[in-house]
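Visitor: I'd like a close look at a single part here, and then how the rest fits around it. Could you walk me through it in one go?

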Amino acid sequence: MLTVSDLDLYYGDAQALDGVTLQVAAGQTTAIVGANGAGKTSLIRAIAGILKPARGSIRFKDHEIAGLPSHVVCDLGVGQVAEGRQIFPTLSIRENLEMGAVIPRARAGARQTYDRVLDLFPRLRERLEQAAGTLSGGEQQMLAIGRCLMGKPDLIMFDEPSLGLSPALVQELFRIIRALAAEGMTIILVEQNVAASLRIAQTAYVLENGRVVLSGTGEALLADPAVKQAYLGL
Ligand SMILES: Nc1ncnc2c1ncn2[C@@H]1O[C@H](COP(=O)(O)OP(=O)(O)O)[C@@H](O)[C@H]1O
Ligand SMILES: [Mg+2]
């Protein structure tokens, strides 16, 4: 579904991505693992059309999307749940969800999508008219995921979704991600919770200093001595 080839990205003179090549198969979960500053968020933001790569290609379905504006990429079916829950705090939960469906691809059938999202997140259904800023951190993360789903993405990218959540909410979050995967959603998962993300992922890539240094099945990376030492504390 997605092929990233030889992607270079800079912030001014500082190179954040260096020849990144990876593939994301339809219906699968692909994990991207790496230390702080490795380039995971930069990669996601480049795919989402928020950052413009200096070189390389990003093919999504049949489109070359590198450098396209984010609303165009979004309307082609690339959704992202950004780091730090980018919800609109003064808008209600219902309004936040409606904002997710403003892109053209999402307008038809928005009502059914809305019902489906609320089925997935019953806690949101109970609080539809409440300002989103009054939700707990975990609920705001669920709202951010729900809003992304309102855009009917074919690919959904999660950037550190469990950051700052209690252990119980992390479990809940992984349950949701697994449920989306079971429905056939294509997922890119960036998670500090490396073991859990490798367990869900069919394929995983390790980024170091903006480069892919290792890739394989989630299972193979879980068993890899270098991964164990660097990311699993084993
Ligand atoms: N807005 C920015 N301006 C300049 N440098 C940045 C910016 N965002 C990230 N970087 C740098 O790019 C590199 C990759 O960062 P990032 O993609 O956020 O990594 P990760 O998400 O893996 O922690 C780091 O060296 C970081 O300091
Ligand atoms: Mg990051």
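In what sense do strand 1 (residues 2–11) and strand 2 (residues 14–24) pair, and over how many bridges?

Guide: Keep in mind that this is a predicted model. Strand 1 and strand 2 pair in the antiparallel sense, and 7 bridges hold that pairing. If you want one position to click on, try Y10, whose bridge partner in strand 2 is Q15. The two strands make a hairpin with 2 residues between them. In that turn sits G12, with a positive phi of about 60°.

Strand 1 also has a partner in strand 4 (residues 55–60), again antiparallel, this time over 5 bridges. Here D8 has R55 in strand 4 as its bridge partner. Put together, this gives an open sheet of 4 strands in the order 2-1-4-5, with antiparallel pairing. Strand 2 and strand 5 (63–64) stand at the edges with a single partner strand each, so each has one side left without a neighbour in the sheet. As a bit of background, strands in a sheet pair through backbone hydrogen bonds, in a parallel or an antiparallel way.

Now for what lies on that sheet. Helix 1 (residues 40–47) lies across strand 1, strand 2 and strand 4, and runs at about 115° to strand 1. Helix 1 also lies across strand 3 (29–33), strand 6, strand 7 (155–159), strand 8 (186–190) and strand 9, running at about 150° to strand 7.

Those strands belong to another open sheet, where 6 strands follow the order 6-7-8-3-9-10 with mixed pairing. Its edges are strand 6 (78–81) and strand 10 (211–217), each with a single partner strand, so one side of each has no neighbour in the sheet. From one strand to the next, the twist averages 20°. Strand 9 (residues 203–208) and strand 10 run antiparallel and are joined by 6 bridges; there, L207 stands opposite V212 in strand 10. Helix 8 (residues 167–182) lies across strand 3, strand 7 and strand 8, at about 150° to strand 8.

Back to the hairpin, because there's a ligand to look at, and the definition of a near residue used here is a heavy atom within 4 Å. Around ligand 1 you'll find Y11, A16, A35, N36, G37, A38, G39, K40, T41 and S42. Helix 1 gives the most to this shell, with 3 residues. By class, the shell has 4 nonpolar, 5 polar and 1 charged residues.

Some distances for your notes: an N or O atom in the side chain of Y11 is 3.5 Å from a nitrogen atom of ligand 1. A polar backbone atom of G37 lies 2.7 Å from an oxygen atom of ligand 1, and a polar side-chain atom of S42 is 2.5 Å from an oxygen atom of ligand 1. Taken alone, ligand 1 exposes 560 Å², and the protein buries 54% of that.

Conventions: Residues numbered from 1 in each chain as written. Chains lettered and ligands numbered in written order. Predicted model: local features only at pLDDT ≥ 70, side-chain atom pairs only at ≥ 80, totals over all residues. Heavy atoms only, no water. Polar contact = N/O pair within 3.5 Å; in protein donor to acceptor, adjacent residues only side chain to side chain. Areas by Shrake-Rupley, 256 points an atom, 1.4 Å probe, with all protein chains shown as cover. Nonpolar A, V, L, I, M, F, W, Y, C, P; charged D, E, K, R; others polar. Pairing = 2+ DSSP bridges. Axes fitted to C-alpha atoms, helices over the stretch in contact; angles between N-to-C directions. Contact = heavy atoms within 4.5 Å.
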